Amino acid sequence: MGEETPKENGPVTTAAVTNGDDHDRQGEAEADGGAASRLARRKSIRDQITGIGDLVLLDPLTEEALLTNLRRRYSNDEIYTYIGLVVISINPYKSLKAYSSDVVQEYRSRSVYETKPHIYAIADSAYRWLRDKHQNQCIIISGESGSGKTEASKIVMRYVASVCGKEKEVDRVMQMLLQSNPLLEAFGNAKTTRNDNSSRFGKYMEIEFNFKGEPLGGEITNYLLEKSRLVAQAEGERNFHIFYQLLASAAVSQLQGLRLKRELDAYHYLRGAGGVREESDINDKANFKDVELAMVAVGLKKPEMRAIFRLIAAVLILGNISFSSVERADEDEACELNGRQAVQDLGFLLEGDEAILEKALTEKTVDTLKEQVTVALSVEKAMFARDALAKALYGRMFNWLVHRVNNSIKVTAAGKRKSIGVLDIYGFEIFKLNSFEQFIINYCNEKLQQIFIELTLHSEQEEYEREGVKWEHIDYFNNVVVCDLIEKPNTGVLSILDDECLRPGEVSDMTFLHKMDQRCLKHEHYSSRASKQLHSDKTLPRNAFRIKHYAGNVAYCVDGFIDKNKDSLHRDLSRAMYSCDHLLLKLFFIEGDPENKSLKRAPTAGYQFKASVSELMKNLTSKNPNYIRCIKPNDLKKPNKFDDDLVLHQVRYLGLMENVRVRRAGYAFRQAYNLTLERFKMLAPKTWPMWKGPPRQGVVEIMKHLKITNKEYACGRSKIFIRNPKTVFDLEDQRRESLNRIATLIQTVYRGYVCRTRFLALRWATNIFASNWKCLLQQRQFLALRWAAVMFQSYYRGLVERRKYNAIIYGRKCEWAATIIHKYYLGWKVRKENRKKLRSVAGPILTRCARKWLRRRFLFNLRANLPSSSPTHQEWPPCSPLFRDASKLLKDLHHTWRCSLYRQNMEDNPRRKAIFLEKLVASKTFSGRKACYVASVGKPFVGDELRLANDSRWMTIAAATNDPLVVWSGTVMKIHRASGTCVPKVLAITSKAFLVLDPKTMKSTYRVSLLNLLAVSCSTLKDNIVVFHIKPGSEGDAAKKGDFLFQAPRVIELVTKVKRVAQDIQRAAFTVNISNQTEFRVKEQQVQLNFKPSPQRLDAPLCKRNGAKMEVLV
């Protein structure tokens, strides 16, 4: 873009030199900030600058010197330069490290001359003047398109947001003010040949503050959106940003809902003259995200956002509507739509009737004295009406957006308020083809230049008169004559244009030009081909006029002036828009209300703009102005490229040289006496360190002491004026040297003071240390003596007490010894008297007591170590041989009790009893006879493993055979009798029969009654093969085929279950053969079956039949 967004990191870019102060607020800020004391601790500003930071001090003052200074500073990335309190800003076309929070703090509450030139200094000065002096401020930013005005306004806004407070409400207000920028830029800015982010509307943002300097809200005023860009753009330029952002960033579903395509070529309004296809410098996707966030920040609701996007899409679709000429008998010219898709999409987006829209675009209603007549439009007029409708839709939507932003940031709190206004308006424009928009824009710039002249150049010369200083008058161009040419009543261009728009009869752009030639041709700043001098001038077209502006001569083509000034829609289009159900259209087109019968004409665009500019000028003149003059360094929008001719042209038409000359007017420096005295009082012995007389006499005394002649300075009523910049530099140099000497003297005195203070402190510390040390030694000696005395006393008292204690102990021992001797004596005496009776009486008693004690110990020990209550537990606590018989008897009794308890538990649990009975049958059948029996003992029998009782297919079989009880079920391998091959089957044992079932369909293959089961055979090995022997002559096909061979996974359980059920049903003993050799029947043939261990490990038994023999390897 033409204005690079600064990144907030890095140091400030440029420097300033003390330039005096023609502005009281600068001087007071210096005094408030204690500038002299701070600058004494800082490096001289002159040592930090590149070139001259303030052009007032430029010597010699020539265009070449000014241009060289600007170029030198620009090449060093110092883009800001002062002319007094006016800031010159050169667009760097790149990011600079000059806008970080540290830089903000460097400029906060600092005087302008204390820091390098920067926009921050002007913004801080304006903010502090508003906060401290309660005077409204305005910051006027001017310059050509592409010179960086929009970015300058953003920098001002960000600085104010950084310094005005961090409370929650303050931060909310400032964020809403800042967030309005990307929203309005998307809808009001566009890429031009001079600027990638050119403002195509004027914006005046006024921020209101309370008495504490905290922002309360604000208001944005917009001026003349360039709506003609909507329908046509010059080659290499774009339409407004929002169209490209929406098409590049919207999701596919959103585009489909808006009836849009992502391709730019699909839209007539985006093709322009040559169009713009690749935008390497503009990130539309990222910018669209910022726009959506800004919409939310300023309070737009989702339905409003959707309505805005539908209007944007409607404008694009409207541009695709085309017309073709048709012939009608009653009409001279008529047209119709080329295709209906575009108008259908338009009706969908605006929620209106397609027929009404089509009629409004192709016909027009004309009011006569007696009736309303419908007139068909020609193709040209229909296209003009289409474009007018598109411009009206977009322009009114933009005004509504500004209104919604103002609603979100308006001040609601009551009380007195102050304000800072920031004016970011179009720069002066000179194109190859200049039309009504350029005329209006340049008129606005003429008015701004007029204010600048009145408030700076004119006020500068008034200051000399006010101060009573003789000065040399500086001639400068006063553009009031140009402003009068444009805006003067009756004879001004705008008045003539309004008269032509309102005049009845045949009116055209050429009649307007002829009328201007009649009234303005003699004006020195107006010219056209009607003038005799320019009659043959081919550089000026016949349909154009030329105005000599302050920025140069501009030729304006009058084509479209009348229509653009009228800026009106015919009534049918307004009513068609009002009839739509779109959320916003009834607000936009109030004149389309059928009940609104007013025939009053709307004011012209020129009249409205003139009134807005007049109000703006009145607003600006009521505030204290601050100026930022923006300069474009080159037309290529490239960094580090300085076009001398282009910059010089801008310097001339901005009047910078005149500004510098008037500022100097023979005196390059001016400053109030008290501030000058405060700054330079160290240069004269009489004024240092304190001057008690009037400040003016003190300043004169300094000048006399420095031997500065009277020609070099002049004394005004309140300020001193210095003629030559060199004198100012000399004063600064001498001040710096004096400050160095003063600093050296202060250091000397301070170091002497520090040394004396240190010596006194050391001497005092030495005395204190010596006294404390002596005191410590005496304390230690006293404590040692006291400790020795206490120890001696304690040892002596201990000795006395120990002697007393030993005497007491000795007496007690003697008493105890006498008692013992007496006891033993009495015992000896009694034993001697009763020795004969001891053996006959005491012996038996002692024996009985000993035996009783041993029996009790045995029983108690047995109770504590009783074994488990399991009948199989064989352990028993050991005992003495004395009680061996009793222990054996008790062991038998305990085992009998355990068995009875176990049987009792068995009776209480029938299921468990049945399991043990089955296990008992298995034990009797297989114990010691089958190798795999031992492994099966600890495993409970499962029975119906396949849960056939719950299978509906089994229930069908059971119902047919009346045999529902399943004793055993499982998946087995049925061994083929003939070949020995295995086939998976389901084997089910019921209470009456065994069944062989298909595992997939559960259909019964064989069913053999257990009454026909002769015996069951199996081997002694670890195999799981079992043979079911069928009685010969039994009924049924299964019995005729012979015996059955199965390989069952739970062979022990299977045989046990079969044995029990067969015994119950046959009411006789059932035979189970366990042998490695047996026979089985195949039809009428007997086949011998041999089981043999395999020399190799097999995963399953291997069956081989050879004639009348079958061998099974296990």
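Is Lys447 buried or exposed? With 10% relative accessibility, Lys447 counts as buried, where buried means under 20% relative accessible area, exposed means over 50%, and partly exposed covers what lies in between, for a 1.4 Å probe and protein chains only.

Before going on, note that this is a predicted model, in which local features need pLDDT of at least 70 and side-chain atom pairs count only at pLDDT 80 or more, while totals for chains, interfaces and linings use all residues. Residues are numbered from 1 along each chain as its sequence is written, and side-chain values use heavy atoms, with hydrogens and water left out.

**Stop 1: Lys447 and Glu487**

Keep Lys447 selected and add Glu487, whose side chain meets that of Lys447 in a salt bridge at 2.9 Å, N to O; a salt bridge here is a side-chain nitrogen of Lys or Arg within 4 Å of a carboxyl oxygen of Asp or Glu. Because Glu487 lies in helix α17 (residues 480-487) and Lys447 in helix α16 (residues 436-467), the pair ties together parts that are 40 residues apart in sequence. Helices (H or I, at least four residues) and strands (E, at least two) are DSSP runs, numbered from the N terminus. Glu487 is buried, with a relative accessible area of 16%.

**Stop 2: Asp963 and Arg1007**

Select next Asp963 and Arg1007, whose side chains form a salt bridge of 3.6 Å, N to O. This pair links distant parts of the chain, 44 residues apart, with Asp963 in the loop between α33 (952-961) and β20 (966-975) and Arg1007 in strand β23 (residues 1004-1009). Asp963 counts as buried at 2% relative accessibility, whereas Arg1007 is partly exposed, with a relative accessible area of 36%.

**Stop 3: a salt-bridge network**

Now select Arg200, Glu226, Arg229 and Glu237 together, since salt bridges that share partners join these four residues into one network. Within it, the side chains of Glu226 and Arg229 meet at 3.2 Å, N to O. Glu226 is buried at a relative accessible area of 8%, and Arg229 is buried at 4%. The structure as a whole holds 42 salt bridges.

**Stop 4: Arg128**

Moving to helix α5 (residues 119-133), select Arg128, which counts as buried at 9% relative accessibility. Its side chain is joined to that of Asp124 by a polar contact of 2.6 Å. A polar contact is a pair of N or O atoms within 3.5 Å; within protein, one must be able to donate a hydrogen and the other to accept it, and residues adjacent in sequence count only if both atoms are side-chain atoms.

**Stop 5: helix α24**

Helix α24 spans residues 644-653, and its buried residues are Leu646, Val647, Leu648, Gln650, Val651 and Tyr653. At the start of this helix, a side-chain oxygen of Asp643 reaches to within 3.2 Å of the backbone nitrogen of Asp645. Just after the helix, select Gly655, which takes a positive phi of about 70°.

**Stop 6: the cysteines**

How many disulfides does the structure hold? The number is 0, with a disulfide taken as a pair of cysteine sulfur atoms within 2.5 Å. Select Cys483, which is buried with a relative accessible area of 0%; its sulfur is 10 Å from the closest cysteine sulfur, in Cys444, and that is too far for a bond. Finish at Cys982, partly exposed at 33% relative accessibility, whose sulfur is 5.5 Å from the closest cysteine sulfur, in Cys1103, again too far for a bond.
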